[in-house]
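Here is a friendly walk through a few helices and charged pairs. Have a look at the model first, then read on.

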Amino acid sequence: MSTAAEISDKASTPPAGRATPAATPAPATTAALLAGHRSKYLAWLLAVAIAAAAFNLRPVVTSLGPMLDQVRTGLGMSATVAGLLTAVPSFCFAVVGLAAPAMARRFGPIAVVTAGMAAITFGVLARSFAGGTAVFLLLTAVALAGVAVSNVLIPVVIKRYFPDKVGPMIGLYSMALSAGTALAAAVTVPLTSALGGGWRIGLGVWGLLAAATLVLWLVMVLLRRERSGAAGGQAAARLPILRSRTAWALAVFLGLQATSAYATMGWLPKIYQDAGISAGTSGVLLAFVMAIGVPASFVLPNLAARRGDQRIFVVVLGLCGIAGYTGLALAADAAPWLWACLVGLSMCAFPLALTMIGLRARTSGGVAQLSAFAQGLGYLISIPGPILIGTLYQSTHAWYLPLGFLAVLLVPQMAVGLRAARPRHIEDETGLGR
């Protein structure tokens with residue numbers, strides 16, 4: 001007598017010589033496969049959108065520097081107002097960036113970044129038609145407001161949609177950010193000459209690039225319809241972030257890093273020129289400092305994200321900066337490319353800080369609040385730095401004291417960085433850990 005199992009086997013075995021029909025995927029399986037392919041393509045598209053947005057976050061500022069004399073002449077702008085322009089970015093990044101988490105909770109981070117791209121596009125294009133100083137400043141502030149919310153929320157988008165690839169995505173974001181910074185500084189003047197126009201064309205052309213990026217983000221808004229109630233991520237509740245020592249350490253670390261970065265971008269060509277290096281070469285050296293960050297900004301976040309503890313990177317970057325600024329102070333013309341390389345590496349503390357922001361909170365909602373707090377307070381801390389460097393130089397007519405100050409500043413930067421780099425989550429420090 002056959003067993004039940006044998007009967008079942010016989011029933012399921014086709015007769016000899018008869019072909020077995022091809023297996024047809026169940027409707028549910030087919031739908032899952034299609035959903036998986038769609039999700040994969042959306043992820044690639046979002047990664048491209050993030051890189052494109054990052055590329056547009058710095059030309060608002062760095063395209064203006066080489067054209068500032070022409071802008072001043074064309075608008076009748078006073079030297080005092082031109083000096084105010086150097087403080088506007090940090091101020092906008094701090095004030096507007098603090099409002100980004102609330103907007104993300106209400107509308108979703110992708111929608112708010114899209115609005116940021118729209119503000120950048122409008123501000124950059126419209127200011128190239130400005131007829132007066134006040135309008136030019138207002139439109140620059142509009143563009144910088146778009147930069148501010150994107151600064152804060154792109155790490156949130158990465159944490160929410162790429163939770164297992166925070167390091168590589170922050171690396172992509174940082175690399176694109178560095179590339180946009182360097183390219184705008186390097187090509188704005190020759191591009192303006194090639195187009196045969198004045199400063200209005202030289203600045204306005206970057207708005208066209210922002211407009212192309214805006215189209216890409218509008219597509220993302222349509223494809224990824226976010227629920228406003230869940231826009232802030234898994235944890236929409238506000239954290240008592242002031243209780244977190246890690247959040248404070250990250251804010252101070254970012255502030256000290258931004259102080260060195262803005263002082264370097266503003267004064268490095270003058271430092272080299274005072275050492276006897278030509279204006280043309282000094283400009284190339286500044287572009288080299290920023291270009292160093294392109295490959296380093298991609299590699300560093302990947303390496304840092306693989307470790308729970310990032311303290312080794314904090315120390316190495318800090319020591320590079322101390323060596324670079326010391327070399328510039330003592331013998332800027334002896335090894336100018338070496339000093340530029342070391343300073344450029346030290347400025348990679350910014351992508352390291354972004355990586356730590358993505359790792360120090362468990363949820364995208366936590367990242368939003370940490371990013372806003374750290375960047376908002378950090379940029380406020382950075383505002384006096386470049387002004388102080390100029391004051392020290394004006395009072396001593398030498399670069400020993402200003403550069404010594406920047407070198408010494410890296411000691412507290414490393415100290416707070418060591419605290420921020422420890423494997424902690426702000427939710428645990430605020431009493432809301434799981």
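A residue counts as buried when its relative accessible area is under 20%, exposed when it is over 50%, and partly exposed in between (1.4 Å probe, protein chains only). With 33% relative accessibility, Lys270 is therefore partly exposed. This is a predicted model, in which local features need pLDDT of at least 70 and side-chain atom pairs count only at pLDDT 80 or more, while totals for chains, interfaces and linings use all residues. Residues are numbered from 1 along each chain as its sequence is written, and side-chain values use heavy atoms, with hydrogens and water left out.

Helices here are DSSP runs of H or I with at least four residues, numbered from the N terminus. Let's begin with α11, the helix of residues 245-274. The expected span of a helix is 1.5 Å times one less than its number of residues. For the 30 residues of α11 that gives 44 Å, and the distance from its first C-alpha to its last is close to that, at 42 Å. Where does α11 bend? The spot is Trp267, where the bend is about 50°, and the proline Pro269 follows within four residues. (A bend at a residue is the angle between axes fitted to the seven residues ending there and the seven starting there.) Since 21 of its 30 residues are buried, α11 is largely enclosed by the rest of the structure.

The ends of α11 are worth a look too. At the N-terminal end, Ser244 acts as a cap, with a side-chain oxygen 3.4 Å from the backbone nitrogen of Thr246. Just after the helix comes Gly276, which has a positive phi of about 100°.

Now compare α8, which covers residues 133-161. Its 29 residues should span 42 Å at 1.5 Å a residue, and the end C-alpha atoms are 41 Å apart, so the two values agree. There is a kink in α8 as well, of about 30° at Leu153, shortly before Pro155. This helix is mostly covered, with 21 of its 29 residues buried.

On to the charged pairs. Side chains of opposite charge can pair when their charged atoms come close. A salt bridge means a side-chain nitrogen of Lys or Arg within 4 Å of a carboxyl oxygen of Asp or Glu. How many salt bridges does that rule give? The count is four, and the table shows three of them, including the N to O distance for each.

| Acidic residue | Basic residue | N to O distance |
|---|---|---|
| Asp274 | Lys270 | 3.3 Å |
| Asp428 | Arg362 | 2.9 Å |
| Glu429 | Arg419 | 3.1 Å |

Asp274 and Lys270 both sit in α11, four residues apart, or about one turn of the helix. An α-helix has 3.6 residues a turn, so residues three or four places apart point the same way. Asp274 is partly exposed at 38% relative accessibility.

The side chains of Asp428 and Arg362 meet in a salt bridge. This pair links distant parts of the chain, 66 residues apart: Asp428 is in helix α19 (residues 426-429), and Arg362 is in the loop between α15 (349-359) and α16 (364-382). Asp428 is partly exposed with a relative accessible area of 40%, and Arg362 is partly exposed at 26%.

Glu429 forms its salt bridge with Arg419. Here Glu429 in α19 is linked to Arg419 in helix α18 (residues 400-420), ten residues apart. Glu429 is partly exposed, with a relative accessible area of 22%, and Arg419 is partly exposed with 22%.

Note on methods
Helix = DSSP H or I, 4+ residues; strand = E, 2+ residues; numbered from the N terminus. Polar contact = N/O pair within 3.5 Å; in protein donor to acceptor, adjacent residues only side chain to side chain.
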